Amino acid sequence: MESPQNSVARTPSNSAIVQRRSKSKSYRQSYRSCLGAASRLGLTPGLTARRLNSSRRALKSQVITEKVNPEHLAILVKAEWQLSYVTPLYQFRHTQLKSYSRQLSAFIAAEKQQGLAVEVEGSQSSFRVSFSVVQGMAETDDDAETVLIQIFSKPMFAKQDEPQRSVWSGWLTCINGNPDYLHSLPKGFTCLPLFGSSGAEVLTSLVKSWFQQTFDCCFGCLEINQTSLQWLAALWTNCHTESSLKHLKMIWTIPVVPPLQVTYTVDPQDAWELWMSVRMDQLDKSEEEEEEQARNIDIEEVTRFMQGLKSHFYRHFRLDLSAGNLQQVSTALGSAKFSGKIKISSSRYIITTLALLTECALLKMPI
Amino acid sequence: MAATINLSDSERSSPNDQSVSSRSSNRSLRVAEKERRKNEAEDPFVLALKYFTDVEAGTPVYGNDDFERNLVLVEKVAYSKGLSPEAISVMLEFAMSLRMGSSPCVRVLKCLIPATVVPQEAVVRAVVWLGVGKIPISTQVLFIKWVLTVFDMIDTKDQLRAVYGFIFSYVTEENLCPFICHLLYLLTRKESVRVFRVRKLLELQSKLGRQPFLLHLLSLYKVFCPELVTLSIPSRMRSGFRNHISPWKSALIAVQKRNGLQVASSMSLAFTIKDKTNSRKRKHCHLEVPALRSVVNKEAQTEKCSSRKVVPLVQLHSFAQLLENMHHIELPAQMGSLLGSSLALQYLDCVQDESALLRLNFWLGYALHEEFLFCGDGGAIQNSEDALQFLNKLLSAHHFLQEGFSSSEAFLYKFLNVWDGSLLRPQILGLLSNIPVVPSSQIGRLLFEPLTQLFFTSSLFFKCGLVECLNNMLLKWLTWHSVYALEDDLDISLNSHTSINMTLSGFKDSVMELVNFVGQLASVGLQIEGCQSLLLSFVLDFYETVCDTFLKYGLPLVVMPPSGVFYPALFALDPVSVDRLAYIMHRYKVNLTSAKAQEKLTKAFHISRQTFHEFNHYVVDMVSCLWNSKMFQPGMGVQLGEELLLKSKVPQYWTSFDLIHHPAFMSYAVDFHQKCWPGKKDMDLSSIKHSKPWSWYLEYLFTQGYDGLKQFVQSNISRQLTASDGQGDTQQR
């Protein structure tokens, strides 16, 4: 019912037209063509061929511990996360987290014991849920604050006074989200497109279905595609001088019968030198903007770096890895798998890594 | 035992009874009045009721002939005609007050068959008696069962709702609990759901275990106040409450039938709670339309509409209810659920809230993307049955709303690039035809590029399907235009109704692009498929829409078909195609004439000279080919070298496509020839060309149903000239 006002707010120039709309039979504006001027669909991947950024800043080592609660950080760094993308949450309030905790724990209890009703307020469920805001993660004002969800429970055969321990954790985040996309969402929507979960699959799906029912959102698998894996490999290698990689390990699958898996481990120093040689070429090009260039990494450099690694492998084993699929990249700084599992081992690079993944998640948005 | 005897007794007496009453109704008013007065004084039934009203407390039952006689009388009336509201009040009061002890109670309750309605006061008083008297538990149960049975016949329920708390207190009675829960279920309103009641029920649940009646009541509480209680109903649980009509069933139905009332039907309640999160189906759950649920976190809305009573959509079961509550319906927790119910779809048509539609679009887009674009494991092939149903549901929603959703549009633009042209073809083409007007700057990249690839690499049937789809798309665009052009002046931009920032000229550009695109597809397609008549038929369908854009849809735009379409239709082997082409050319002429006239008047638009030129050229060609037998003349669209024509050794090749020698009409000419000159041995088709037989031949063709040809001839050829080489009189502009 509020649509006319909304339109006024967003497109002040045609207020006269808006009046007409309320008078006449009002064509439903949101079924409108997805090419409409005010529509967010200008961002739709299919229409704009939205792609991953072809150039990004190098991983910044940040002393994040000053900004972010170390306890939260410890949780984020500890586990390997299964990633999903999430469509914008409707009517999500960062101020209601306490109430959400109660609702989710009641929901889990009700689902766990089918056919038994559970009181939402003050329930003595065997699962305790805690929602909390991870302050200090957001990079820009448009980013919604990260939300951490933990589920605690007592083990089945625990002693009476044994404390509950965390059995599942997950988070929703948005780091450096595309500002155009975020601005296009009307009031009432919160965009936290990246969801990571770690713990029992059953709990993951319960949490997801509670979110779906409560905030009218959808969860889908988020794979880390070839390009992103290559990006991560390059970005991590780029940090070698600051914190040692220990190793650069890549796993490839080659589509032959029987399937062949190649584990390719590179000495960190060699990888660094290869990377620098790729970088140096680029740096020579423009000496004036050297400072700027040193920070930005281009997709071409990443491709050349990977090409270097592949041709090295080819010289030794006569096997062209381009024919295969990169499945996994791991270093001491973290590991990422094609299936959408990621582990970020160093808190110093967590923000930039999550920014890359946020970008991937936003690419998956249906509209 | 007594009851059964009485029942059979009443059945025996009933036909007699009925005839008496029907006869009495026929008598004059005077007699009736007199009888009524007499009856009032002497009617044993009235006396019996009086007995039960006045009887002293503590009167013995056993050996009491008065009591027995009066009760039998009441039972007789009850089982035959049913009891009046007053009688119900009296008898219920008598039974529940235990004035003659508890023994007659059951007998009275069993005969409480209402003739019309049950007065609410009587029920409320009886409920109060429940708490006062020492009624045996089984009788209490019977009473509640009776209330449940006649619930729909209770005249109003406001007072009953007012004593909700009182009724609720009986929940703790273990034997009564299932029936009280059912009664509460029927009486519950949002305001009756309170924390302490929820706690009480949960307490009972922990005592009694998972009982369906508790769950059903609690699930209703959840509908109203999901913030207080949550539960999930297992799929194997029976849905709804059992009904308890059995003690009264036969009598009630008999009485209601006699009184012409509808049999109370709402005794059992249907549940719509759907069980989900089946681990089996989890893999493809994105195609599942979510269940209707009410919103949990209402704090945002409560401030805004606390004054209004809000009704969750889940609570509405009929269109009438929907209309009644139209202005205070609460949207469900998941907008996608609207797609699953036809009633909700009606409501969706009126939803104006942008966020609500965006939510729906997010869900729909997500489902489509996951199923058809992100499926890594070939999921789409595995469960094409689910996908088929899903798309059909989506299509019927589109048809119902008469437009598509923006998310399905965005999905299609991507999907067309990866589609093989055969997976779920009818559905995908159906969705495609619902795409709203695409700006001409984007239409090529979004639609034409992928469609061209698909068109030229797919089968004939795909080609036909695509042309049909594009025809439907054009029809929808034109209809959309004509609806909104009627509201405004023609030259006003259309963005008052949509946020498509599109002016009339922009719209025209898009339509032109689409028409030209189909023209190109059709030209090449017809060539590839050897002018296949099925494809030609779909192409002509399309041009039947195109030729009438000005008159039918008020769009000042006329686009002629390319020669790649015109000539294959003109030289088609089947007469139907030629006839349809003639009809199309006739409509073009009517449209152009009318546009020309209007153009002079208003000067608001301009049809280019080029269009007139093309039209004239086609008409001249058509006339000289079909009528004047002047095929292959210089200046025509189809030209062949003189030598080549001579080489072919076709005699009088210039006549070979006139209405007599045209391959599509040759058989008619032969047939006509035989009918005209039955005796003639050698056939000379050219003899039809003479003035008289020629006009007979035309008449003959027109009677065969070639109306298009008839209209074409009438509008383009004046025949007062000599017929042997009749002159084509085409308009010149």
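**Close-up 1. Helix H8 of chain A is largely enclosed by the rest of the structure, because 11 of its 13 residues are buried.** This is a predicted model, and that goes for every view here. H8(A) runs over residues 226-238. From its first C-alpha to its last, the helix reaches 18 Å, close to the 18 Å expected at 1.5 Å a residue. Among the buried residues of H8(A) you'll find Trp231(A) and Trp236(A), along with Leu229(A), Leu232(A) and Leu235(A). Ser228(A), Gln230(A), Thr237(A) and Asn238(A) are on the buried list too, and so are Ala233(A) and Ala234(A).

**Close-up 2. Lys337(A) and Glu80(A) pair up in a salt bridge.** Their closest N and O atoms are 3.2 Å apart. The two residues come from distant parts of the chain, 257 residues apart: Lys337(A) sits in strand E15 (residues 334-337) of chain A, while Glu80(A) belongs to strand E2 (residues 80-86) of chain A. Lys337(A) is partly exposed, with a relative accessible area of 25%. Glu80(A) is partly exposed as well, at 29%. Over all chains, the count comes to 15 salt bridges.

**Close-up 3. Arg107(B) meets Glu68(B) in a salt bridge.** Here the N to O distance is 3.2 Å. The pair links helix H6 (residues 103-110) of chain B, home of Arg107(B), with helix H4 (residues 65-80) of chain B, where Glu68(B) lies. Along the chain, the two residues are 39 residues apart. Arg107(B) has a relative accessible area of 19% and counts as buried, because the cut-off for buried is under 20%. Glu68(B), at 34%, is partly exposed. There's a further partner to look for: Glu75(B) is linked with Glu68(B) and Arg107(B) in a network of salt bridges.

**Close-up 4. Glu529(B) in a loop holds on to Lys463(B) in a helix.** The link is a salt bridge, with the closest N and O atoms 2.8 Å apart. Glu529(B) lies in the loop between helix H25 (504-528) and helix H26 (533-546) of chain B, and Lys463(B) is in helix H24 (residues 460-487) of chain B, so the pair ties together parts that are 66 residues apart in sequence. Which of these residues is buried, and which is partly exposed? Lys463(B) is the buried one, with 2% relative accessibility, whereas Glu529(B) is partly exposed at 23%.

Notes:
Residues are numbered from 1 along each chain as its sequence is written. Chains are lettered from A and ligands numbered from 1 in the order in which they are written. This is a predicted model: local features need pLDDT of at least 70, side-chain atom pairs count only at pLDDT 80 or more; totals for chains, interfaces and linings use all residues. Side-chain values use heavy atoms; hydrogens and water are left out. Helices (H or I, at least four residues) and strands (E, at least two) are DSSP runs, numbered from the N terminus. The expected span of a helix is 1.5 Å times one less than its number of residues. Buried means under 20% relative accessible area, exposed over 50%, partly exposed in between (1.4 Å probe, protein chains only). A salt bridge is a side-chain nitrogen of Lys or Arg within 4 Å of a carboxyl oxygen of Asp or Glu.
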